[in-house]
Amino acid sequence: MNHKSKFRAWLFAPLLLFLIPLVAEAGKFKVGDVVQVWDDWKDEWKNGTVVDINRRGELLIETASYSSLKREVYQPKVVRFAYEDGAIGPARTWTDSSGTFKIMAAPLGIVNDKIRLRREDMSEIEVPIAKLGDADQRLIERIKAEMGIRAVPPPKPITPIRFAGTDNENLNAFGSVGYAEERIAILADPIPPYMVIPQGGVGFGKYYEEEQFGLIQPIGGPDGLVLVSAEYPVDPRKADKFDRTRIAWISLKQKKITKEQSLPDGEMVLDYHPASHRLLTYRYELEGGRFGRRKTVLSVWEVLPTDESVEPVVSWEAYPDDGYDKEPWARLINGNLVLHRFADKQYVGWDVANRSVAYRLFQDHTWSTPPTLSGTAKYGFLVENESVRIFDAVTGTTITKLITENRIKLAAPSEDGSKLATLEENTLTIWNLTDPIAEPVAHPAESIGGSLAKEMYWVDGDMLMIKNIMEMILYDLNEGIAIWNYSLEYGTVTAVKESEGRQTMGVLNGHLVYGAELRANGKRAGLAVGNVKLPGPEVREKTEGVKRDDLVVLKPGSKIRLEVRCGNTHNPTVYSALLAKIQENGWELNQEDYDAVMHADITLGETVTRTYRFFGFYRAPETVTYTPIISKLDIMVGDTTIWVNRTSTGPGFFVNADETIQQQVDRQKEDVNFFTRSRIPAMILDPKYGRGFGSTKVSTKGLEPTSMRNMIYANGRPVFLNN
């Protein structure tokens, strides 16, 4: 990345093209000036002194290079005065209306009816704009028109403190003990009635090409507001110069941004609580220098959609002593309580008012799925291995548990607060939260469960949307099938950075709310927010009258031919394991008259040679040559594969310190237990309809019907078919 992308906002502003001719810019420096120059190699500004200036205006500047001094020639455009750091424009002479008051200073920002200036001695003053001369006032108006919110000085970062109880792991651990043994009812907690936004979209320009969404949160109200944050991606382990985050209040009713406020450099937005007008942000600090661990600092601010700026409340160190490197997940429960993933499978309720830890929750779960919240955040739903813990989000006290037979990946409360959907490997279960004796209703979910599922939303009382890393699938509870598929337009909607801690997409009142990146002439030109009605065009017409039974190609009572090709040593073991699964599914083994054929194979793949590198610097890269051993199980009807699962040997993610990767690979052997571990559903749908009857592209144009690739899911993983 070159120096231009690292300059402050004023170096991007088109107004400078007519404000600062090159000769004038060169002429403002003189020998002996203390300046800063852009270092492309280190990707940062460094201090120096002007030693000489030639006729072309080029500057000979002396800088410190390790333990010696270094002199290089620089163009004026990559040089600035030290006191221009963070300015919205170059230093110049400012004059009052009478012409008697003059000062050389850099403009730092426009605050209401004043301009903030920094003088050569680094002191700062604020001057009423009305007292400046006409030329200065016209310049300020052009700056405001060109720069918008960038012309307003950002608030200062809040100095973080350490909350009481942060280092006490057992403090108020309500969630780990004393939960109700019997399932009990809870009161419905629906979303607030004001959370309604109209259908439509709004696009707006970027201040920096790298800007991306960090938050897209529907607020609602009379103007149909959506709160977004446009952020410069920050990683403190890189030498990037931070650029400020802005929040924008978008009115879908008025189709425009109604207000913007800026945040300090490096702050990224996690949540907003409309009732208390409080905003939750985080930033990273490093422990141990540039290559140390990232540690999260949380901050709370107060802001209304009509305010000129955000007001600081408190900032605190939100990490254990040894750090925690994952991107943060945190939500505002109310104006004075933040629920935060403090460490892996450990959550803390931060008491903002009392600057202390209110409670801790310890999660027993394979995937570390973060909790979901009810409509007004009265309840939290924490997924654990074979249960969902329902807890009071203010006190952390466990209210009850919903016990399941299998591991759960996701849980989502309905918008009216009366139901909870839980997604397992092959089952989608609906729970009645207000009636403890009502039996949960299980629905088959062969094509939407598994480890790829990331988020789940209620579309209405009969449909849910399940989002994975590749697509979104609309599921019909009445028929127990996936009816439609939604793909995100590559390079636009997918350009919006996502992580489980950020809110950049969701479903509200049967509408899909999402963000996209606008492109023009191959460049990332702007951002857009859309709100579209689900399920979209053509869906109702193509799915009307479809029944699940019409799509099933294999079910209890079906006849199966079994072919095992795993070698003489393993054939008997594999055959016995698969025969047990056939009988367990209610299928009939029939080698002559059959509906489908089950194949079990252990084969050798092609020999490969690859070089692997380790994280950190403690171990040199290793080159490995190996031949993978592939275990594969599939079911075919005619020439069509309707279900498949496979695994392969090879280097893993971890290797013991006392062995090489080659040694790890060499000791691997046939994975016969794979055939015992594989879970085969008793009912298998025609793979042509496993992900629905059609596909829609989610783009900057809204919902566009498209064709869908033929793909099936096996144990939660996608497999594309050639037929």
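## A four-stranded sheet

Let's start with an open sheet of four strands, ordered β6-β7-β8-β9 and paired in the antiparallel sense. At its edges sit β6 (92-95) and β9 (124-128), each of which pairs on one side only. Direction ignored, neighbouring strands of this sheet are turned by 55° against each other on average. A few terms help here: strands (E, at least two residues) and helices (H or I, at least four residues) are DSSP runs, numbered from the N terminus, and two strands pair if DSSP finds at least two bridges between them. Axes are lines fitted to C-alpha atoms, for helices over the stretch in contact, and angles run from 0 to 180 degrees between N-to-C directions.

What you are looking at is a predicted model, so local features need pLDDT of at least 70 and side-chain atom pairs count only at pLDDT 80 or more, while totals for chains, interfaces and linings use all residues. Residues are numbered from 1 along each chain as its sequence is written, and side-chain values use heavy atoms, with hydrogens and water left out.

Inside the sheet, β7 (residues 102-111) and β8 (residues 114-119) run antiparallel and are joined by six bridges. One pair to look for is A105 with R119, its bridge partner in β8.

## The helix on that sheet

Helix α3 (residues 134-147) packs on this sheet, touching β6, β7 and β8 (contact means heavy atoms within 4.5 Å). The direction of α3 makes about 120° with that of β6. How far apart are the end C-alpha atoms of α3? They are 20 Å apart, which agrees with the 20 Å that its 14 residues should span at 1.5 Å a residue; the expected span is 1.5 Å times one less than the number of residues.

Which residues of α3 are buried? They are D136, L139, I140, I143 and M147, where buried means under 20% relative accessible area, exposed means over 50%, and partly exposed is in between (1.4 Å probe, protein chains only). These buried residues cover an arc of only 100° around the axis, which puts them on the same side of α3; the arc is that of the directions from the helix axis to the C-beta atoms. On the other side of α3, D134, R138 and A145 are exposed. Just after the helix comes G148, with a positive phi of about 60°.

## Two hairpins in a row

Now go back along the chain to strand β1 (residues 34-39), which runs antiparallel to strand β2 (residues 44-53) and is joined to it by six bridges. W38 stands opposite W45 in β2. The two strands form a hairpin with four residues between them, and D43 in the turn has a positive phi of about 60°.

β2 also has strand β3 (residues 59-65) as an antiparallel partner, with five bridges joining them. Here D52 has L60 in β3 as its bridge partner. β2 and β3 form a hairpin as well, with five residues between them, and G57 in the turn has a positive phi of about 85°.

## Another open sheet

Further along, four strands make an open sheet in the order β15-β16-β17-β18, again with antiparallel pairing. The edge strands, each pairing on one side only, are β15 (268-273) and β18 (311-317). Neighbouring strands of this sheet are turned by 25° against each other on average, direction ignored.

β16 (residues 278-287) and β17 (residues 293-302) pair over ten bridges in the antiparallel sense. R278 stands opposite E302 in β17. As a rule, side chains in a regular strand alternate between the two faces of the sheet.

## A buried asparagine

Is N585 buried or exposed? N585 is buried, because its relative accessible area is 10%. You'll find N585 in the loop between α5 (571-584) and β40 (588-589).

N585 touches P556, I680, P681 and A682, leaving aside residues up to four places away in sequence. A polar atom of the N585 side chain lies 3.0 Å from the backbone oxygen of I680.

## Strand β47 and its partners

Strand β47 (residues 695-699) is mostly covered, with four of its five residues buried. β47 pairs with strand β34 (residues 481-488) in the parallel sense over four bridges, and L488 stands opposite V698 in β47.

β47 also pairs with strand β48 (residues 702-706), in the antiparallel sense over five bridges. V698 turns up again here, with L703 as its bridge partner in β48. A hairpin joins β47 to β48 through two residues.

Methods: A polar contact is a pair of N or O atoms within 3.5 Å; within protein, one must be able to donate a hydrogen and the other to accept it, and residues adjacent in sequence count only if both atoms are side-chain atoms.
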